[in-house]
Every structure is written in C-alpha cells, then in structure tokens.
Amino acid sequence: MPPKIGDLLLKAKLISQEQLDEALKKQKETGGKVGEHLVKLGHVTEQDITEVLSQQYSVPAVDLDHLEIDDNVIKLIPAEHCRKYQVIPVSKFGATLTVAMADPSNVFALDDLKFLTGYNIEPVVASDMAIVRALDKYFGTDHAVELKKVMDDLATAEDAAVEVLEDDEAMDVAKLEAESEEAPVIRLVNLILTDAIKRKASDIHVEPYEKEFRVRFRMDGVLYEMMAPPMKLRDAIISRIKILSKLDIAEKRLPQDGRIKLKMKLQERTKEIDFRVSVLPTLFGEKIVMRLLDKDNLMLDLTKLGFEKESIKKFEEAIFKPWGMVLVTGPTGSGKTNTLYSSVGKLNTPETNIMTAEDPVEFNIPGINQVQMHDAIGLNFAATLRSFLRQDPNIILVGEIRDFETAEIAVKAALTGHLVLSTLHTNDAPSTITRLVNMGIEPFLVATSVNLVAAQRLIRKVCTNCREEVDIPMQALINIGYSPEEAKQIKIFKGRGCEICNKTGYKGRIALYEVMEITDEIREMILSGASSMELKQKAVEDGMITLRRSGLIKIKNGVTSIEEVVRETAL
C-alpha cells in the first residue's frame, strides 16, 4: 500500500501534526483529498507535494500547468482509462511513452497501460490536482463531456420540437409543459444547476435576447458566459425551470419568485442546495436569475470573514451588549447576510431567544426562530417586529430596514432592552446615521439606540496558486492611500492566471470592513446634527479603519490586488 501524502509531508517536516489534523478534518467534512486541503489551507504548495512524491518514488517530477502536450500523444490513451488511473500521457520517444501519475508505484495501472498502448511506460510524478486540471483541459470536465452529449442531442432534434410563438395569448400551455419534460431539456437544466454548484457559482442567469439565448454564471462576483442553448428551446428550458420552482408557466407577463431544492452527490457526499428563483418578463422572453444558497459556503466564523483585529474587537463587544442596535451596511451582494448569520451564530445559546424577520429566509439555522416575510398577506417587517416584542426575545434580527415604520419599531426595541441586528443600503458607516435621520428617526433616538455600524464590501482574493510579485510605481501607491514610508516597503502581488482560477488570477472572496463605534463624543455630534463627513473625520481620529484602509491592509498582506480595492472603495 503506498504511503499517504500527509505522512510523507509530515516526515519531510513541511507540515505539523496540527496542520495535518486540520486538513483531515476538512476532508471528513467536505470530501476530496488531503493534499488538496493542505494546499487550500495554505500549509504547503503543489510544488512541495510534487517534490516529496518525486523523492519518495525516485522518479522525475513534471509541471503539467506549464506543459503543452501534443494532441497525437494525448490520443494514445483513451479518456476513460486516463480518468480511471488518474494519469495523463506527456510525451513519446521511440517505443517509450512517458505518463504523469500521482502514484508511480501502481503496477496494475502501468501494466494495463502497457498492454493497452503497446508502448513501454515510463512514469513521471505530478500532484493529484495538477492531473485533474490536465484531464479537464485535454478531455473536458465530466460535466463538459455530458453537456456536449446533451447539446448534440439538441442539435439533432427536429426543428419543430418546440415552436416559439410570438403571441403569448395563443400559447399552448399543455404542449409547452410536455416539451419541457423531454429528456434533453431535463438533462440540460439539470446540468446547468449541477455545473453551477461544482463551479461554486453564486448566481445563474438565463437570458433570452432577440437572436441569442445564453446562460451566465456569477463566480467570485463576476459574470462569465457558460453556454448558448439553441433558440428553439428557449421556452422549453424556461418552462422547465419554472416547473421545478413550482411557478405558473402560463403566466408570462408578471414577475414571479420561487425556490428549487436540489439534492446531489458531490465528492462522495450528498449535498442539499436551495436555489432562489426570480423570473422577470423582458422584451424577448422571461429572464431567470437563480441565487444558489449552499450551507457549505456559509462562513459562520467571524474571524475568517475579513475583519481587522481592531475592528472585530469592537464588533464583538457591540453584539455581546444586552441591548442597542448593530447595523451592517453595504450594497446588494456584499455579504451582509453572512455577517449577520455569523453574529447570531456566535450568540446562539440555549439561554438566548433569537428571532429573525427575513425576506427571504436564506439559510435555516437550528436554535433560531426565523420568520419569512409575506407582503401579500400583510406580514411585513414592521408587523413581524411588533409581534416579536410579545414573544419575549433577547435578540432580534431584522433582514433590512426599508422604511420609517420598520426603523421606528427597531429603534424602540433597541431602547427597551433588546439587541437588534439589521442591515441598510448605504455607502459607508457614517452615512448610515444620516440615512436614519433622513428616514424620520429623531437624532436623539438614533444617538441613544445605535451601538455600532459596520459597512462592508466583497473583493476577490488573489489566487494563491499563481500569484506573483509585480512592480508598481511608488507614486501610484501613494495615490491610492499609502504613506511614502509604506510605499517604499510594500510588496504587491497579482495572479498570473492558471487552471485553478479559470485564468482570472483570482480565487475566492473576502470582505472589507469599516467599523464605526458610537462613542459618547460621536453621540454628542449626532445630537448636534453633524454631517456624515464630520462623523467620519471624528471616527477616523478615534481609530476607525475605513473601507479603503481595510483594502490597503489586505493588499499589503498579499490577499488581494490594487484593482479590486480601487474598484470597491473610495478615498
């Protein structure tokens, strides 16, 4: 039996036992391979793994990411055998075929490949992850292969399979429903949903235009076009998604909202994922946007969201106070919900009654009483908050303060012995105070109820696999906010682009935080009608880290790039 990679790295003193235990715990939770988790956690690099394997098996190592393999060589071993043994042919010289593999001691694989190809097989070593990327590059992902089959089926389908009618009133709903149940359409929709999960997309956009029908995924905050299904299947695909969402396929003139619950097996684990579905009538058909709600992607550890040490200390002090209001602000999709869920997760104990009013409830959290808003029957934030106050709550979470009525009840709840957590849409922390006053809340109520305001933005992280140092002129660093002393010492990193990050140079996201504590001096300023600029100036004097400064710290630590911080923050 070949030695385990964790043991080899431990023996080579490249990792500690604690780091190996952390990776094994991750493997138990999410599946995958130990080496992959060690790389993701930043404990080792893929190069470290390859070098250790090379020494263990006394065979040369190969860097598959920077190697272009000849098509004639790739064709020598069929894709199914390459995937079965996790190997990839690299080069051929005379009667010898060089093959990259993670386990060169697998004599069964070597014998089978020799018999299959008729060549002498010479193994070289590469990491599991590099081989998987090479297989996807030269043979396509499993999903890509399946998608090609489906698209081929659709291409050969009869042109009359689905007729796109211009007159919505004349549409045959029964026929449309029947077409949406056809095997190729079902398979294609299933592939779209499961591919989005595998790629860790946050949203799926299904968009009809006059002469084009496209599907885009939002990954790490950026939209990428993934496929263009045939126009003739536009209505069948949209109807299939609406059927899965339990929506009315006959109604094509009004917006509709639904939900899809999907169970799938991924890396030997069964995952349950919710899709929040929004259907909007556009000029050339209905556009569908599906938000993926994956519990595994919900980070409930406040320390890993992106807070600086000073900021998280202030934030935790505020959420552990027995009463008052803590507000999290930022645009849509900036991670406010994640921050709030992380906060209530930290406060969730058997002695505490936590009640939430959300629209919609994105994740179910055991031990917390969550209420879904339903405006059509009068169950809005204000009505729910009134009911909450009769339910003996300790902590109240309001999904969003949208109007004066909700703001007024939230403020009164904060002043009568409850901790209230909520969100608003504002550009930074100080302007949140001005926004509440403009809503109609008296300045003295704002000053006495609000304990802390945290503004946030999500930015992409530089890919750790392909990041490299880049030279930036000193003046450019000063222009974005660094002092001349900082600009002299700082190292700037940027992702070159690799298979792991889809050639973007970025992998994953992290939040920037601006945490403004409402001190006694700031309360006095609110009472005297100070502007948001004056509040900001005072908060910075008191040690507040602004959104831009939070970004500059992360650039300095090699976490993100200048472009990302400049795109999301202002000086």
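**A tour of two cores and a surface patch**

Start with the largest nonpolar core, which has 53 residues. Select I433 and V450, the residues with the most contacts inside this core. Next, colour helix α16, residues 404–415: the largest share of the core, six residues, comes from this helix. Keep in mind throughout that the model is predicted.

Return to I433 and show its surroundings. Leaving aside neighbours within four places in sequence, I433 is in contact with V446, V450 and V453. The same list for I433 also includes M516, I518, I526 and L535.

Apart from the largest core lies another one, of 30 residues. To find this second core, select M219, I237, I273 and V277, which are among its members. As a general background, nonpolar side chains in soluble globular proteins tend to be buried together.

From V277, step to S245, since the two are in contact. S245 sits in the loop between α12 (234–244) and β7 (256–266). Is S245 buried or exposed? Its relative accessibility is 4%, so S245 counts as buried, the limit being under 20%. Beyond four places in sequence, the contacts of S245 are G258, R259, I260 and V277.

Finish on the surface. Select Y209, L283 and F284, which make a nonpolar patch of about 310 Å². Y209 belongs to the loop between β4 (203–208) and β5 (213–219). With 31% relative accessibility, Y209 counts as partly exposed, because that class runs between the 20% limit for buried and the 50% limit for exposed.

Terms used: Residues are numbered from 1 along each chain as its sequence is written. This is a predicted model: local features need pLDDT of at least 70, side-chain atom pairs count only at pLDDT 80 or more; totals for chains, interfaces and linings use all residues. Side-chain values use heavy atoms; hydrogens and water are left out. A nonpolar core is a set of buried Ala, Val, Leu, Ile, Met, Phe, Trp, Tyr and Cys residues joined through side-chain atoms within 4.5 Å. Buried means under 20% relative accessible area, exposed over 50%, partly exposed in between (1.4 Å probe, protein chains only). Helices (H or I, at least four residues) and strands (E, at least two) are DSSP runs, numbered from the N terminus. Contact means heavy atoms within 4.5 Å. Patches are made of residues with over 30% relative accessible area and no salt bridge: like charges are joined within 9 Å, nonpolar side chains (Val, Leu, Ile, Met, Phe, Trp, Tyr) within 5 Å. Accessible areas come from the Shrake-Rupley method with a 1.4 Å probe; for residues, only the protein chains shown count as cover. A salt bridge is a side-chain nitrogen of Lys or Arg within 4 Å of a carboxyl oxygen of Asp or Glu.
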